[in-house]
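Please read the following note alongside the coordinates, as it is meant to be checked residue by residue. The points are grouped by region and by type of contact.

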Amino acid sequence: MVKAKFIIALAILTMFGGRAPVMADDADLSTQIVDAMNKTWGVHPGFRANHAKGVVLEGSFTASPAAAALSKAVIFNGAKIPVTVRFSGDTGIPTLPDGEPQAHGLSIKYHLPDGGESDMVTNAFRFFPVANGADFRDMLTAIYESPDGSPEPTKLEQFRATHPRMSAAMATLGRPDSFADEQYNGINAFVFVNKAGEKQAVRYRITPEKVVHLDAADAAKKSPDFLFEELPARLSKGPITFHVRALLAQPGDQTKDPTLPWPDDRKVVDLGVLSIDKIVPDSLAAQKRLLFLPGSLLDGIEQSDDPNIEVRDGAYAVSFSRRNP
């Protein structure tokens, strides 16, 4: 977790020292991405540049025996691991109606026995719209430069034409009737290492007891905040449960381009059960200070060759520093 700890420390330092560089290699691009988010969706003090609308909850994770065979990570040893999770809506707009089709997010922070932390950051995309951070920045810029009434072809239409995976990725999004009834996916590949030193590339899938999506007409009848309003009533009946799963790559499967999913016939291993028990008091204040990093890993889970992990880490740290000036 050395790199992740470095980013966390640097994010905290930037809270007191302005917009310092995040990482030597990725600082410019990471900052440009957050700048593009702020330009596209506006600046909303105290909120994230992306996935601004959210709620923080607590629970636990208990691994399956199959998880320990794949990875020596302490979160997979079968003990109950406390977690903090955050459900979120897409974009940097904290008032975005919940019924809009969007990449709702689920982030998990595992609280380790030694006092450390490790994160998983997932969302509803089956695969990502663009292949790298520069394209993501350019996609956001194209959205901003294509307001209603723009002459055609708009900047966004031009971008879509040269990045066909964008439209394909957007088509995978639905309108869940509950945060608890959505599947969340890890868009980046990671590498599990077991006690024998064997390595296996994986992508995460976090699956609910059932997936329930609404059509546009039914979603339009609901409150703009219905996903958040539904959670207390659901939790009053018992925990929300998900299965944390790993999709296993086969030899030859690429691990660096998040726009290219692995074939559907790849083996899926159930890593364990995520149980979410309660909403934290004053969730709005809690999420402001909470930082999730895709690259916050631990022994037994390594980064793949996907460069987007470090770019995402850098952008999240920049966003963190700006909402905690």
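The numbered points below concern a predicted model, and they go from secondary structure to individual side chains and their contacts.

1. I would begin with helix 10, which covers residues 308-323 and so comprises 16 residues. From its first C-alpha to its last the helix reaches 22 Å, close to the 22 Å expected at 1.5 Å a residue. Since 14 of the 16 residues of helix 10 are buried, this helix is largely enclosed by the rest of the structure.

2. The pairing of strands 7, 8 and 9 deserves to be read as a unit, with strand 8 (residues 240-248) as the shared partner. Strand 7, at residues 199-208, runs antiparallel to strand 8 and is joined to it by 7 bridges, and in this pairing Ile-206 stands opposite Val-244. On the other pairing, 8 bridges join strand 8 to strand 9, residues 268-279, and these two strands also run antiparallel; here Ile-240 of strand 8 stands opposite Ile-276 of strand 9.

3. Which residues does Thr-122 contact, once its neighbours within four places in sequence are left aside? Thr-122 is found in strand 4, residues 117-123, and its contacts are Gly-105, Leu-106, Tyr-184, Asn-185, Gly-186 and Ile-206. Ile-206 is also the residue that stands opposite Val-244 in strand 8, which ties this point to the previous one. With a relative accessible area of 3%, below the 20% cut-off, Thr-122 counts as buried, and a polar atom of its side chain lies 2.7 Å from the backbone oxygen of Leu-106.

4. Is Ser-178 buried or exposed? Its relative accessibility is 0%, and therefore Ser-178 counts as buried, although it lies in a loop, the one between helix 6 (165-170) and strand 5 (184-185). Apart from neighbours within four places in sequence, Ser-178 is in contact with Leu-227, Glu-230 and Arg-234. With Arg-234 there is also a polar contact, side chain to side chain, at 3.3 Å.

5. Arg-234 appears again in a salt bridge with Asp-181, where the N to O distance is 3.2 Å. This pair links distant parts of the chain, because Asp-181 sits in the loop between helix 6 and strand 5 whereas Arg-234 belongs to helix 8 (residues 226-235), 53 residues apart. The two partners can be described separately in terms of accessibility: Asp-181 is buried at a relative accessible area of 2%, while Arg-234, at 24%, is partly exposed.

6. A search of the whole structure finds 16 salt bridges, and one of them joins the side chains of Arg-137 and Asp-138 at 3.0 Å, N to O. Arg-137 counts as partly exposed at 22% relative accessibility, and Asp-138 is likewise partly exposed, with a relative accessible area of 32%.

7. Another salt bridge is formed by the side chains of Arg-266 and Asp-265, at 2.8 Å from N to O. Arg-266 counts as buried at 13% relative accessibility, whereas Asp-265, at 58%, counts as exposed. Elsewhere, salt bridges that share partners join Asp-181, Lys-210, Glu-230 and Arg-234 into one network, so that the pair in point 5 should be read as part of this network under the criterion of a Lys or Arg nitrogen within 4 Å of a carboxyl oxygen.

8. How far apart in space are Asp-265 and Lys-278, C-alpha to C-alpha? The distance is 36 Å, for a separation of 13 residues in sequence. Asp-265 has its place in the loop between strand 8 and strand 9.

9. Glu-209 offers a case with another sequence separation, as Glu-209 and His-243 are 34 residues apart in sequence and 8.0 Å apart in space, C-alpha to C-alpha. Glu-209 is found in the loop between strand 7 and helix 7 (216-220) and counts as exposed at 56% relative accessibility. Not counting residues up to four places away in sequence, Glu-209 touches Thr-241 and His-243, and a polar contact of 2.8 Å joins its side chain to that of Thr-241.

Conventions
Residues are numbered from 1 along each chain as its sequence is written. This is a predicted model: local features need pLDDT of at least 70, side-chain atom pairs count only at pLDDT 80 or more; totals for chains, interfaces and linings use all residues. Side-chain values use heavy atoms; hydrogens and water are left out. Helices (H or I, at least four residues) and strands (E, at least two) are DSSP runs, numbered from the N terminus. The expected span of a helix is 1.5 Å times one less than its number of residues. Buried means under 20% relative accessible area, exposed over 50%, partly exposed in between (1.4 Å probe, protein chains only). Two strands pair if DSSP finds at least two bridges between them. A polar contact is a pair of N or O atoms within 3.5 Å; within protein, one must be able to donate a hydrogen and the other to accept it, and residues adjacent in sequence count only if both atoms are side-chain atoms. Contact means heavy atoms within 4.5 Å.
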